[in-house]
Amino acid sequence: MPVLEEIKEALMAGNANKVREAVTRAVEEGVPPGTIINDGLIAAMNIIGVKFKNNEVYVPEVLVAARAMHAGMDVVKPLLTGDALQEKGTMVIGTVKGDLHDIGKNLVIMMMEGAGFKMIDLGIDVPPEKFIQAVEEYKPQVVGLSALLTSTMMQMKKTVEALAPYRHAIKVIVGGAPVTQKFAEEIGADGYAPDAASAVDKVKELLGLA
Ligand code: B12
């Protein structure tokens with residue numbers, strides 16, 4: 001089997017050791033690092049994303065696949081020079097103030113990384129000021145807000161309002177179990193996605209990359 005296919009199969013099976021081993025071999029065979037990432041690791045993560053969206057795989061499978069992807073990235077990242085890793089953009093993400101849920105946010109991060117985005121994770125219980133600081137520091141194209149409690153959805157609104165002066169340069173996307181498209185529109189967010197795979201699609205659409 002060609003080595004890129006081996007990488008993809010091992011990643012989709014969530015086998016981090018096999019991914020590491022196959023990526024190492026691909027490097028030895030002279031496959032360019034960018035090809036290993038885009039046609040191996042990211043391609044497989046995209047397939048997992050579609051399966052997750054279609055309920056063919058569930059959260060645990062996505063988490064082990066993402067871990068396997070990181071194992072492969074660890075091998076290949078030191079070899080990257082210049083623009084070999086063509087990042088599609090930078091996204092700052094966090095769970096809003098008062099909210100400690102982060103499983104869904106972390107899935108979004110893994111899926112976005114799998115799709116080639118640089119992710120800045122601000123963690124949980126993030127006040128609006130911290131989002132602003134991060135926007136100024138990292139100059140992202142997208143800011144993602146997560147909330148799992150109906151009581152913290154209002155923090156989302158406050159954060160969107162606080163980000164107003166930066167909106168010419170950033171898109172804001174919101175998500176989390178109680179969040180809806182209607183709510184996203186009401187608070188003036190640019191986008192909403194119901195799950196991690198759709199988040200990738202939505203961000204690409206918002207940035208004109210779809
Ligand atoms: C796990 C969990 C916890 C864990 C969190 C651990 C952790 N590290 O995250 C712990 C035990 C800490 C916890 C605490 C509490 N919880 Co809780 N928790 C849950 C539970 C069971 C699962 C949430 C989850 O992880 N789902 C799995 C992930 C994958 O799904 P997800 O988060 O929805 O994320 C997906 C999408 O929403 C989307 N998404 C998520 N974020 C983003 C962001 C963006 C930008 C985008 C585009 C998409 C996106 O993509 C994700 C992947 O597909 C839910 C019940 C449920 N079924 O939802 C209750 C739930 C959310 N919790 C609830 C409550 C009430 C609490 C507590 C107040 C309980 C208490 N009395 O102490 C505390 C609050 C603590 C706090 N201040 O936040 C309620 C909320 C009710 C409400 N309507 O407000 C729920 C709904 C349970 C219930 N039925 O009562 N909880």
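Start by selecting α5, the element that gives the most to the shell around the ligand, with 5 residues. The model on screen is a predicted one.

Next, show the whole shell, which holds 28 residues. By type, these divide into 16 nonpolar, 8 polar and 4 charged. Colour L100, H101, D102, S146 and T150, the residues that come nearest to the ligand.

Now centre on the cobalt atom of the ligand. Which protein atom serves as its donor? Select NE2 of H101: this single donor from the protein is 2.3 Å away from the cobalt. Trace the backbone on either side, and H101 turns out to sit in the loop between β1 (90-95) and α5 (103-114).

Stay with the ligand and switch on the backbone atoms. At D102, a polar backbone atom is 2.7 Å from an oxygen atom of the ligand. At A196, a polar backbone atom is 3.1 Å from a ligand oxygen. At G176, a backbone N or O atom lies 3.5 Å from an oxygen atom of the ligand. To see which elements give two or more residues to the shell, select α5, β3 (142-146), β4 (171-175) and α9 (196-206).

Finally, zoom out and colour the chain by domain: the domain assignment gives domain 1 as 3-83 and domain 2 as 90-206. Their C-alpha centres lie 26 Å apart. Select the residues where the two domains meet: 12 of domain 1 are in contact with 12 of domain 2. Between them, domain 1 and domain 2 bury about 1,000 Å², with 75% of it on carbon and sulfur atoms.

How values were computed
Residues numbered from 1 in each chain as written. Predicted model: local features only at pLDDT ≥ 70, side-chain atom pairs only at ≥ 80, totals over all residues. Heavy atoms only, no water. Donors = N, O, S within 2.8 Å, 3.2 Å for Na, K, Ca; no water. Helix = DSSP H or I, 4+ residues; strand = E, 2+ residues; numbered from the N terminus. Near = heavy atom within 4 Å. Polar contact = N/O pair within 3.5 Å; in protein donor to acceptor, adjacent residues only side chain to side chain. Nonpolar A, V, L, I, M, F, W, Y, C, P; charged D, E, K, R; others polar. Domains from an automatic or database assignment. Contact = heavy atoms within 4.5 Å. Buried area = accessible area lost by both parts, 1.4 Å probe.
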